[in-house]
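Work through the exercises below with the sequence and the model open. Each task is followed by its solution.

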Amino acid sequence: MKINSAFSPEYGTGVTISATTTSAQASLTGNGSLIRVTNLGTALVFIKVGTGTVTAAATDTALPSGQSMTICRTPVGSLHNVIAAVTASGTATVYAITGE
């Protein structure tokens with residue numbers, strides 16, 4: 001696990017998700033082992049990453065308004081290639097980019 005290290009984005013791999021009370025997902029590209037996720041909205045967003053069809057729920061990782069977090073993309077032997085986001089109420093735009 002990396003602590004207090006700079007994030008190096010893989011330019012051209014950024015995606016946006018229009019998060020509402022219904023889970024929405026976006027496909028991730030690139031080969032980076034990390035995902036930098038930013039909540040650009042005013043609502044609390046819940047994030048989930050995985051492969052295939054991914055559905056975020058209010059019990060997943062919370063990302064407060066205006067905040068960013070870095071998520072490990074490498075579970076056992078593969079890369080998560082989908083990110084999903086949902087709000088408990090309201091809407092928010094979520095930005096995600098892969099990198100190291």
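**Exercise 1.** Which residue in E7 does Val45 stand opposite?

*Solution.* The model is predicted: local features need pLDDT of at least 70, side-chain atom pairs count only at pLDDT 80 or more, and totals for chains, interfaces and linings use all residues. Residues are numbered from 1 along each chain as its sequence is written, and side-chain values use heavy atoms, with hydrogens and water left out. In E7, Thr87 stands opposite Val45. On the E5 side, Val45 has Leu63 as its bridge partner.

**Exercise 2.** Place strand E4 in its sheet.

*Solution.* Strands are DSSP runs of at least two residues, numbered from the N terminus; two of them pair if DSSP finds at least two bridges between them. The open sheet has four strands in the order E2-E7-E4-E5, paired antiparallel. E2 (24-27) and E5 (61-63) are the edges: each has a single partner strand, so one side of each lacks a neighbour in the sheet. From one strand to the next, the twist averages 30°. E4 (residues 45-50) shares three bridges with E5 and six with E7. Five of the six residues of E4 are buried (under 20% relative accessible area, 1.4 Å probe, protein chains only), so E4 is largely enclosed by the rest of the structure.

**Exercise 3.** What does the side chain of Arg73 reach at 3.0 Å?

*Solution.* Arg73 sits in the loop between E6 (68-72) and E7 (82-87). Its side chain reaches the backbone oxygen of Gly30 at 3.0 Å. A polar atom of that side chain also lies 3.4 Å from the backbone oxygen of Thr29.

Methods
Polar contact = N/O pair within 3.5 Å; in protein donor to acceptor, adjacent residues only side chain to side chain. Axes fitted to C-alpha atoms, helices over the stretch in contact; angles between N-to-C directions. Buried < 20%, exposed > 50% of the residue type's maximum accessible area, 1.4 Å probe, protein only.
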